[in-house]
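Got your viewer open and ready to click around? Let's take a walk through this chain, one selection at a time.

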Amino acid sequence: MKHVALIILCLLSFSAHAERLKDIASVEGVRENQLFGYGLVIGLNGTGDSTPFTNQSFSSMLSRFGVTLPEGVNATSKNVAAVSLTATLPAFSKPGQKIDVTASSIGNASALRGGTLLLSTLKGADGAVYAIAQGNLIVGGMGTDGSRNSVNVPTVGRIPNGASVERIVPSSFNTGDTLTFNLNRPDFTTAKAVSDKINNLLGPGVATTLDATSIRVSAPRDPSQRVTFISILENLEVDVAEERARIVVNSRTGTIIIGQHVTVSPAAITHGSLSVTIRETAPVVADDGTVTGGETIISPREGMEIANNSGRMFVFDPGASLNDIVRAVNQVGAAPGDVMAILESLKQAGAINADLVVI
């Protein structure tokens with residue numbers, strides 16, 4: 001019997017949970033920057049590449065060392081590989097500090113193990129040089145050597161602390177009379193909670209919400225005071241709003257993740273030999289007269305039944321949820337694709353009050 005991999009988010013509490021401000025938001029202007037570059041890795045054990053651009057780069061390197069090749073002779077070596085360099089420059093990095101570098105082969109090299117990156121520049125999006133990289137590569141994986149098979153990816157290596165920062169990235173952190181916190185996940189309720197928390201601590205009007213993402217806060221101009229100011233604010237615990245009702249379906253693995261507050265409305269679906277019915281019934285409820293004076297109350301409720309060609313049927317108590325649907329479909333042996341088709345159909349029919357995300 002096939003089963004759908006089902007994960008129900010354990011978020012059954014209806015009260016908001018508190019998180020530190022530093023975990024849910026970032027300060028505008030305080031950010032990392034991506035660097036990139038091109039270089040040559042030498043010292044390989046015959047696992048380099050022989051592409052034209054590698055040969056041209058190798059020739060240029062030799063000419064800088066004063067080595068002139070005869071006309072018509074190409075500089076080729078299987079111990080050299082051309083690589084693309086990438087690195088992340090943290091915020092407020094200063095010249096002389098070290099950052100990690102990743103080197104990835106861009107030719108037909110079979111492995112970079114044992115190689116050394118020659119001096120190379122790392123540039124930002126503006127084309128300026130922000131770091132200089134050089135060093136020995138650390139490469140994971142077994143590679144191919146005789147009878148051994150390759151494991152992982154030996155054409156990508158890393159150089160810990162392999163680049164030295166050479167330029168400071170300009171920042172707006174110490175300018176102006178305000179700071180802006182940007183939420184990692186935009187939400188109007190959370191933005192208001194952040195603003196209220198700061199105003200309760202520092203006084204009315206210190207923080208104002210600009211939209212569902214940004215909260216502007218009045219801040220001191222002095223850099224040292226501003227650092228202390230942010231240190232206090234980023235450790236404030238804020239009640240984070242609950243997420244919207246959402247269902248995430250991974251069509252490749254058959255995994256279905258159902259968040260809280262996901263409910264279904266009356267509907268009926270037929271999918272192949274599988275039938276799903278969500279109905280609303282009206283049971284009669286009577287009391288002893290203490291509340292309604294003996295009147296009969298008609299209280300609508302929801303029920304659900306699922307059947308397939310084997311005649312098996314499941315009837316649910318009032319208040320059937322999407323969780324009940326998926327579990328019941330599992331019991332009749334439906335394939336993951338059947339469950340996904342049912343969920344998509346329910347969403348198209350407007351019977352699910354949640355966002356359906358397929359990844």
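## Stop 1: Ile-99 and its neighbours

Start by selecting Ile-99, then light up what it touches: Leu-35, Ala-87, Thr-88, Leu-89, Pro-90, Ala-131, Ile-159, Asn-161, Gly-162, Ala-163 and Val-165, leaving aside residues up to four places away in sequence. Keep in mind as you look around that this is a predicted model.

Ile-99 belongs to the largest nonpolar core, which has 24 residues. Which members touch the most other members of that core? Select Leu-35, Ile-99, Val-101, Leu-117, Leu-122 and Leu-137, and you have them on screen. Now colour the elements that each give two or more residues to this core: β4 (33-42), β5 (81-89), β6 (98-105), β7 (116-123), β8 (129-136) and β10 (156-165). The largest share comes from β5, with five residues.

Why look for groups like this? In soluble globular proteins, nonpolar side chains tend to be buried together.

There is also a second, separate core, this one of 22 residues. Pick out Val-27, Ala-219, Leu-233 and Leu-236, which are among its members. Hold on to Leu-233, as we'll meet that residue again.

## Stop 2: two backbone oddities

Go back to the neighbours of Ile-99 and click on Asn-161. Asn-161 sits in strand β10. Check its backbone: phi is positive, about 55 degrees, although Asn-161 is not a glycine.

For another case, select Phe-92, in the loop between β5 and β6. Here phi is near 65 degrees, again a positive value in a residue other than glycine. Is Phe-92 buried, partly exposed or exposed? Its relative accessible area is 41%, so Phe-92 is partly exposed.

## Stop 3: a pair of helices

Hide the strands for a moment and show helix α3 (residues 188-202) together with helix α4 (residues 223-234). Two packed helices are described by the angle between their axes and the distance between the axes. For this pair, the angle is about 120 degrees and the axes are 11 Å apart. That angle makes α3 oblique to α4. Rotate the view and look at how they cross: α3 passes α4 in a right-handed crossing.

Which residues make the contact? From α3, select Ile-198, Leu-201 and Leu-202; from α4, select Phe-229, Ile-232 and Leu-233. Sort them by class and you get six nonpolar residues, no polar ones and no charged ones. And there is Leu-233 again, the residue we met in the second core.

## Stop 4: Lys-192 and Thr-209

Stay on α3 and select Lys-192, which lies in this helix. Lys-192 has a relative accessible area of 52%, so it is exposed. Try the distance tool on Lys-192 and Leu-210: they are 18 residues apart in sequence, with 9.8 Å between their C-alpha atoms.

Next, click on Thr-209, in strand β12 (residues 207-209). What does Thr-209 touch, if we skip residues up to four places away in sequence? You should find Ala-191, Lys-192, Ser-195, Ser-214 and Ile-215. With 41% relative accessibility, Thr-209 counts as partly exposed. Draw one more line, from Thr-209 to Thr-180: their C-alpha atoms are separated by 9.4 Å, and the two are 29 residues apart along the chain.

## Stop 5: Asn-250 and Val-339

Jump ahead to Asn-250, found in strand β15 (residues 246-250). Buried or exposed? Asn-250 is at 15% relative accessibility, so it counts as buried. Show its contacts, again without residues up to four places away in sequence, and you get Thr-255, Met-340 and Ile-359.

Then select Val-339, whose place is in helix α6 (residues 336-348). Val-339 is buried, with a relative accessible area of 2%. Look across to Ile-256: Val-339 and Ile-256 are 83 residues apart in sequence, and their C-alpha atoms are 9.0 Å apart in space.

## Last stop: zoom out

Show the whole chain now. How many helices and strands are there? The secondary structure comes to six helices and 23 strands. Of the 359 residues in the chain, 35% are buried. Finally, take the contacts between residues at least 6 apart in sequence: 67% of them join residues at least 24 apart.

Key: Residues numbered from 1 in each chain as written. Predicted model: local features only at pLDDT ≥ 70, side-chain atom pairs only at ≥ 80, totals over all residues. Heavy atoms only, no water. Axes fitted to C-alpha atoms, helices over the stretch in contact; angles between N-to-C directions. Helix = DSSP H or I, 4+ residues; strand = E, 2+ residues; numbered from the N terminus. Parallel < 35°, antiparallel > 145°, perpendicular 65-115°, else oblique. Left-handed = near helix turned anticlockwise from the far one by under 90°. Contact = heavy atoms within 4.5 Å. Nonpolar A, V, L, I, M, F, W, Y, C, P; charged D, E, K, R; others polar. Buried < 20%, exposed > 50% of the residue type's maximum accessible area, 1.4 Å probe, protein only. Core = buried A, V, L, I, M, F, W, Y, C linked by side-chain atoms within 4.5 Å.
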